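Subject: Structure for your review

Dear colleague,

Please find below the structure that I am handing over to you. I would be grateful if you would look through it alongside the notes that come after it.

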Amino acid sequence: MQLLPIDAFIAHLRASIQAAFGNAEELRLGTSRFGHPIPAFKIPGQSRRAVFLGFSHPNEPLGELILEAVVREAIDRYSPNQRACWYLVPVWDLDGARENEAWWSGIVTVERMIDHWYRPAPSEQVEWTFPLDYGDVRFDQPKPETEAVQRLLDVVQPEVLMSLHNSVFPGAYTLISPQGASLAPRISETLCTHGLRPLSPCPIPYVETYADGVFGLPHARLEIDYLRKLDPRGSLSFYDNGAASFDYVGSSCLSFVMELPLFDWASHPDDGHLRRRDLGARHLAAWEQLWEDLEAAFADEDLAQSDDPLLSSPRYFYQRRDADRATIRHRLAKVLRSLDPVQSVDWENYMADLLTIATQYSQLHRGGGPVLPTAMNVRQELGQLARDRLCVLDPATIYDAGRTLVGLVLNEIR
Ligand SMILES: [Zn+2]
């Protein structure tokens with residue numbers, strides 16, 4: 001898989017929309033943190049008002065393929081008698097996506113991903129800085145990119161909102177509002193038909209499960225309630241992000257989030273006598289090592305005070321380490337007691353967490369922090385696991401699955 005650098009992608013999408021809809025309008029929604037205009041394309045002749053947000057997270061490039069599929073779907077559904085429009089925001093987090101583009105505009109490997117990864121803390125993410133006022137948690141400092149999309153949502157009042165995210169490792173899933181729950185069996189089946197494995201159980205502990213690979217939306221209030229229940233006496237002062245786009249549009253809009261993966265399993269090497277509890281112990285130890293290294297790194301005043309954007313995520317993991325320790329211990333409790341042979345879900349979870357850990361080390365180092373031997377080891381271990389077990393998915397699979405899912409959801413409100 002090789003995707004386009006950001007400017008080339010926007011130019012490509014603009015050209016396909018102009019070729020199909022000569023009367024499509026291009027809007028300027030606002031200006032990014034670094035002063036770049038954020039474009040949106042307005043496609044006429046549709047039966048429902050819909051908004052599609054690409055690059056809701058700057059490190060999630062599969063939106064490029066899905067938005068191409070959305071344009072194809074718009075062409076098929078076009079009728080001059082229909083009054084509604086679709087709005088495509090090709091790259092919502094423009095500056096952040098440019099920071100990442102080096103890893104997907106060449107051949108995608110886990111090592112390249114780690115070396116060029118940029119994903120800010122939730123309080124700096126365009127998707128998670130909508131206004132929030134819930135209990136004693138309050139957030140009212142949206143990013144300029146968030147405000148730009150907020151204005152678009154206010155004007156359009158969409159009936160459908162698709163915020164395009166993606167996962168990395170095998171296991172595909174989607175998140176949908178309650179009014180789309182009846183679609184769950186068909187969504188799950190669509191994932192299977194395209195050779196994608198619907199993820200189960202749900203990786204987010206506080207949302208509903210509608211079917212394998214189809215879950216409820218992770219509303220901010222659900223996470224806050226969950227964290228309170230987990231640690232009733234603990235402080236939520238580390239919870240400093242806002243709400244998401246699907247919180248902002250409210251319950252009358254059908255919101256849909258796709259988390260299709262970049263990789264699939266290529267093979268499952270024989271793990272010998274490795275037991276679930278042994279991999280679980282390695283898993284927990286990797287987190288403990290990260291927390292220890294972050295504590296040591298942020299003891300340095302200069303690093304602690306630095307406003308380098310690359311440090312926002314490692315700092316976030318440092319600040320919420322006590323809550324994360326409770327969550328991860330809870331998540332691994334059963335595995336840590338199991339004498340059964342290791343299962344593929346254990347590898348899925350372990351590799352996903354190793355990527356989170358490796359990318360914290362990478363951002364810490366590029367943001368001015370120390371070079372740590374553990375960082376090299378984690379990068380090497382994950383790189384080797386990926387070479388042994390994974391292959392990159394064919395872009396056509398993502399395009400086809402994405403298009404079918406977009407079609408299903410849009411038909412639901414016809
Ligand atoms: Zn995402």
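The notes below cover the sheet, the helices packed on it and some details of the backbone.

Please bear in mind that this is a predicted model.

The sheet

The model contains an open sheet of 9 strands with mixed pairing, and their order across the sheet is 1-2-4-3-7-11-8-10-9. Its edges are strand 1 (25–31) and strand 9 (209–211), each of which pairs on one side only. From one strand to the next, the twist averages 20 degrees.

Strand 8 (residues 173–176) and strand 10 (residues 214–216) run parallel and are joined by 3 bridges. Within this pair, L175 stands opposite F215 of strand 10.

The helices

Two helices that lie across strands of the sheet deserve attention. Helix 6 (residues 184–193) lies across strand 8, strand 9 and strand 10, at about 65 degrees to strand 9. Helix 15 (residues 395–412) lies across strand 3 (50–53), strand 7 (160–166), strand 8 and strand 11 (254–260), and it runs at about 165 degrees to strand 11.

Helix 15 also packs with helix 2 (residues 63–77); the angle is about 50 degrees and the axes are 8 Å apart. Helix 2 is therefore oblique to helix 15. The crossing of these two helices is right-handed. On the side of helix 2, the contact is made by L65, I66, E68, A69, V70, R72 and E73. Helix 15 contributes P395, I398, Y399, G402, R403, V406 and G407. The residues of this contact comprise 8 nonpolar, 2 polar and 4 charged.

Details of the backbone

Most residues other than glycine have a negative phi, and most peptide bonds are trans. Three places in the loops may be read against that background.

The peptide bond between S200 and P201 is cis, with omega at about 0 degrees. P201 belongs to the loop between helix 6 and strand 9.

F55, although not a glycine, has a positive phi of about 55 degrees. This residue sits in the loop between strand 3 and helix 2. F55 counts as buried because it has 30 C-beta neighbours inside 10 Å, where 20 or more are required.

Q157, likewise a residue other than glycine, has a positive phi near 50 degrees. Its place is the loop between helix 5 (144–156) and strand 7. Is Q157 buried or exposed? Q157 is exposed, because 12 other C-beta atoms lie within 10 Å and a residue with 12 or fewer counts as exposed.

With kind regards

Key:
Residues are numbered from 1 along each chain as its sequence is written. This is a predicted model: local features need pLDDT of at least 70, side-chain atom pairs count only at pLDDT 80 or more; totals for chains, interfaces and linings use all residues. Two strands pair if DSSP finds at least two bridges between them. Helices (H or I, at least four residues) and strands (E, at least two) are DSSP runs, numbered from the N terminus. Axes are lines fitted to C-alpha atoms, for helices over the stretch in contact, and angles run from 0 to 180 degrees between N-to-C directions. Two residues are in contact if their C-beta atoms, placed from the backbone, lie within 7 Å. Angles under 35 degrees count as roughly parallel, over 145 as roughly antiparallel, 65 to 115 as roughly perpendicular and the rest as oblique. A crossing is left-handed if the near helix is turned anticlockwise from the far one by less than a right angle, and right-handed if clockwise. Ala, Val, Leu, Ile, Met, Phe, Trp, Tyr, Cys and Pro count as nonpolar, Asp, Glu, Lys and Arg as charged, and the others, Gly among them, as polar.
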